[in-house]
Amino acid sequence: EQMVIHADEAVFQLMSPSDPHGFETTWPPLAERLSPSVRALVMLDDGGNVIADRCRCSDEEREDFVKTLTEQILPDLSLQNAPIGQLRHLHRTYGSESYLVSYRAVRHDGRRVYMVAHHDTGYVIRNVFPEIFVNEERERRWNVVDEEGHIVYGPSLARAGDYLVGRTFPSTFYGWRIQVAPNLVFND
C-alpha cells in the first residue's frame, strides 16, 4: 500500500490546476522512477469533465480508459463529497478488469478540481507481489484473492482449513484480500 500512496503523492505534486497541461510533459520521463504502477493521470473540472490527461499506453487504450473513467468510474467516486486535499482510493472491477484509482480534490480559483491516477493492477501483480512475498515463502504460504475468492496472486490455500488467516488491504486494494497459512499445513 505504501508504494501506491508514495506514487500518488509524487504524481499529484506534478499536477497543478494553475498549469493543467504541465504534467502531460513533466510526468512521462519521471514515471518509471516516481510512479511505476501509475498508468494514467487525469485532471477533471468540478463537473467531472476532463481538463487534461496522459497515459503510458496507446492512444486507443487511453481513449478506452477515459471512457471507462467518465462513464463508469466517476459515478462511484462521489467527487462532490471528497474532502479537499484528502487522498482517496477506489478499487473495483469494471467489466472484467480490476481498477485502482487514486484521487484528490483541490481548490483552484474558488472551484473544485480533481486529480486522478489510475494504477495498473497487472503491474502490481507481476512486479510488486513477487518481491513482497519471496522472503516469506519458507515459513508461510501467501496469496491474494478478489471479492469472489478467485486467486489474484499466489497458490491455492484451500488445504489450510482453520489455519488460514485473511485481511483486506486497508485503503488501496481493499477489493482484494491477503491470506496466509503456515507452510507446515502443506507438508505431506
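**Close-ups of two pockets and a buried serine**

**View 1. The second largest pocket, with helix H5 giving the largest share of its lining.** In this predicted model, five of the lining residues here come from H5. Helix H1 (2-14) also gives two or more residues, as does H5. The pocket's volume is about 150 Å³. Look for Glu1, Met3 and Val4, then Val124, Val128, Phe129, Ile132 and Phe133, and finally Phe169, Phe173 and Ile178. By class, that's ten nonpolar residues, one charged and no polar ones.

**View 2. The largest pocket, at about 200 Å³.** Closest to the centre, out of 15 lining residues, sit Arg39, Phe65, Glu97, Tyr99 and His118. Helices H4 (59-77) and H5 (121-133) each give two or more residues to the lining, and so do strands E4 (97-108) and E5 (111-119). The lining is a mix: six polar residues, five charged and four nonpolar.

**View 3. Serine 102 in strand E4.** Serine 102 counts as buried because its relative accessibility is 0%, and the cut-off for buried is under 20%. Its side chain has two polar partners to pick out here: the side chain of aspartate 8 at 2.8 Å, and the side chain of histidine 89 at 3.4 Å.

**View 4. The contacts around serine 102.** Neighbours within four places in sequence are left aside here. What remains in contact with serine 102 is Val4, Asp8 and Phe12, plus Leu87, Arg88 and His89, plus Met115, Val116, Ala117 and His119. Val4 turns up again from View 1, where it helps line the second largest pocket.

Key. Residues numbered from 1 in each chain as written. Predicted model: local features only at pLDDT ≥ 70, side-chain atom pairs only at ≥ 80, totals over all residues. Heavy atoms only, no water. 1 Å grid on protein atoms, 1.4 Å probe; cavity = no way out; pocket = protein on both sides within 12 Å on 5 of 7 lines; lining within 4 Å. Points joined across faces, edges and corners; volume = space filled by probe spheres on them. Helix = DSSP H or I, 4+ residues; strand = E, 2+ residues; numbered from the N terminus. Nonpolar A, V, L, I, M, F, W, Y, C, P; charged D, E, K, R; others polar. Buried < 20%, exposed > 50% of the residue type's maximum accessible area, 1.4 Å probe, protein only. Polar contact = N/O pair within 3.5 Å; in protein donor to acceptor, adjacent residues only side chain to side chain. Contact = heavy atoms within 4.5 Å.
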